[in-house]
Amino acid sequence: MKKFFAVLLVLAMVLSLAACGGNNNAPASEPSNTDGSANDANTPGDSNTGSFKYGFASWGTADEHGRTLNAAVGWGVDAAGGEFIGDAGGFTAEATVASIENLISAGCQMVSFCTYAGEASVPTISDMCREKGVYWTMWDTQIADPEIAAYIAEDPYYVGCTFEDNITSGYETMKAMGEAGATNVVIIRYGSGIPTCDERCNGGIKYAEEAGITIVDDMIITDTAEYKNAVANVLLAHSEVDGVYLAGAGTASSSVAEAFRSAGKDTFYIGAFDYFDGMGDMLKSGELVCINGGHMVTGTFSALMAINAWQGNPLSKDKIEIVIPYLTLKSYEDYEAYMQYASQGAAYTSEELQQFLTVSNPGLTLESFQEGVSKWSVSDIIARKNG
């Protein structure tokens, strides 16, 4: 089976294309000893206490998502008294593996990554972590391949993963558009056969069917530069269209709005996924009804899961899967709260995050951990900050 996974990894490295975002390849610190984990270990050792290094692999820190993602992981690591080390290698499978190698060499007792470049690299990373006795998690990831899932299920250092409920989020996004007044909607997918994208669309279609919203077109556009022309062409053929549902690539919202205005339409409704610069202005104008993002805490809670396990307090004997809501913005006030407390501040205090650590909260269970995570929302942030 290892030979099979090795072939998959090679194929993924060849076929993966680097996506946009920061690309800093250098590890954040020089290699040091990995206190609390034994080299060439086959099973985890005893409980660990004291300081630690936590390694986080991402594509970069230059864009809104990457910057807030890395910062939010730092919230959890700081709350636990550890040192955060980031490695922004890029969007390819090869870069992800290299980032994990860098982080392990830098002395990290725990590491985390996302499978945005595909799942084929997961068994290789599992082998690396098992050999070095390094705990690991995945953020914004749910493994679909049953053979890979079975392989990592046998890894004693694999703790679990976090991911979003895309079907529910898709449903709620279309609902927001419908309640605002949308009746004839175009769905734009950013790719084909991508589970996250498909689930978002399935949720949106489900609400549309229940509410009697007509899906005039359901198209796939991989280049955001083509969104404006595509919507303009649809409006020429279907003047009744009054809404566009973007399953991703939220940054295209502004060009979609331009297409409506160029067609002489002043009233229209856009629902989208993935935060972008300028979303505040569009929420204020009402052109953007709803946008989902703020999922930087997928990394935060993955970190807290790993830290609990490293400290000898795993939340479960089984591999953990934690579902995290998107931070959904439906108004300019929501946007202001996000900017103040999440993008430019800390949505959680150290004391609040310590409640997700068994050493600080002995009564913590997997169920209470998930319950606390599920409260993530703009209203919850405001209540905690102003309470």
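Ala, Val, Leu, Ile, Met, Phe, Trp, Tyr, Cys and Pro count as nonpolar, Asp, Glu, Lys and Arg count as charged, and the others, Gly among them, count as polar. With these classes in hand, the lining of the second largest pocket can be described: it has nine nonpolar, four polar and four charged residues. The model in which this pocket is found is a predicted one.

The second largest pocket holds about 220 Å³ of space. Its lining consists of 17 residues, and those nearest the centre of the pocket are Y135, P156, A309, P314 and S316. Two elements, strand β5 (158-164) and helix α11 (297-310), each give at least two residues to this lining. Rolling a probe the size of a water molecule over the atoms shows where empty space is left.

From the pocket we can step back to the whole chain. The protein chain has 15 helices and twelve strands. Of its 387 residues, 52% are buried. Among the contacts in the chain with a separation of 6 or more, 76% are between residues 24 or more positions apart.

Next comes the interior. The largest nonpolar core has 103 residues, and the members that touch the most others are W136 and F369. Helix α11 gives the largest share of this core, with nine residues. A second, separate core has 19 residues, including A176, A247, Y269 and F273.

What does W136 touch, leaving aside its neighbours within four places in sequence? Its contacts are V111, F113, V122, S126, C129, I152, D155, Y157, Y158, V159 and G160. Three of these names, V122, S126 and C129, return in helix α4 (residues 122-132), where the buried residues are V122, P123, I125, S126, M128 and C129. Just after α4 comes G133, which has a positive phi of about 70 degrees.

Helix α9 can be read in a similar way. The residues buried in α9 are S253, S255, V256, A257, A259 and F260. They pack against α8 (227-237), β8 (243-246), β9 (269-273), α10 and β10. After α9 comes G264, and its phi is also positive, near 85 degrees.

Charged side chains can pair up as well. The structure holds nine salt bridges. In one of them, R261 is paired with E287, and the closest N and O atoms are 2.6 Å apart. This pair links distant parts of the chain, as R261 is in helix α9 (residues 253-262) and E287 is in the loop between α10 (279-285) and β10 (288-293), 26 residues apart. Are the two partners buried or exposed, or in between? R261 has a relative accessible area of 41%, so R261 is partly exposed. E287 counts as buried because its relative accessibility is 17%, and the cut-off for buried is under 20%.

A second salt bridge joins the side chains of E64 and R67, at 3.4 Å from N to O. Both residues lie in helix α2 (residues 64-79), three residues apart, which is about one turn of the helix. An α-helix has 3.6 residues a turn, so residues three or four places apart point the same way. E64 has a relative accessible area of 18% and is therefore buried. R67, at 34% relative accessibility, counts as partly exposed.

A third salt bridge is formed by the side chains of R189 and D198, at 3.3 Å from N to O. R189 is buried, because its relative accessible area is 13%. D198 has a relative accessible area of 23%, so D198 is partly exposed. R189, D198 and D218 are joined into one network by salt bridges that share partners.

R189 also leads to the last residue of this tour. Leaving aside neighbours within four places in sequence, I220 is in contact with R189, G191 and S192. I220 is found in strand β7 (residues 214-220). Its relative accessibility is 46%, so I220 counts as partly exposed. From I220 to A247 there are 27 residues in sequence, and the distance in space is 9.9 Å, C-alpha to C-alpha. A247 has appeared before, as one of the members of the second, separate core.

Methods: Residues are numbered from 1 along each chain as its sequence is written. This is a predicted model: local features need pLDDT of at least 70, side-chain atom pairs count only at pLDDT 80 or more; totals for chains, interfaces and linings use all residues. Side-chain values use heavy atoms; hydrogens and water are left out. On a 1 Å grid over the protein atoms alone, a cavity is a set of points where a 1.4 Å probe fits but cannot get out, and a pocket is an open set with protein on both sides within 12 Å along at least five of seven lines; lining residues have an atom within 4 Å of a point. Grid points are joined across faces, edges and corners, and a volume is the space filled by probe spheres set on the points. Helices (H or I, at least four residues) and strands (E, at least two) are DSSP runs, numbered from the N terminus. A nonpolar core is a set of buried Ala, Val, Leu, Ile, Met, Phe, Trp, Tyr and Cys residues joined through side-chain atoms within 4.5 Å. Buried means under 20% relative accessible area, exposed over 50%, partly exposed in between (1.4 Å probe, protein chains only). Contact means heavy atoms within 4.5 Å. A salt bridge is a side-chain nitrogen of Lys or Arg within 4 Å of a carboxyl oxygen of Asp or Glu.
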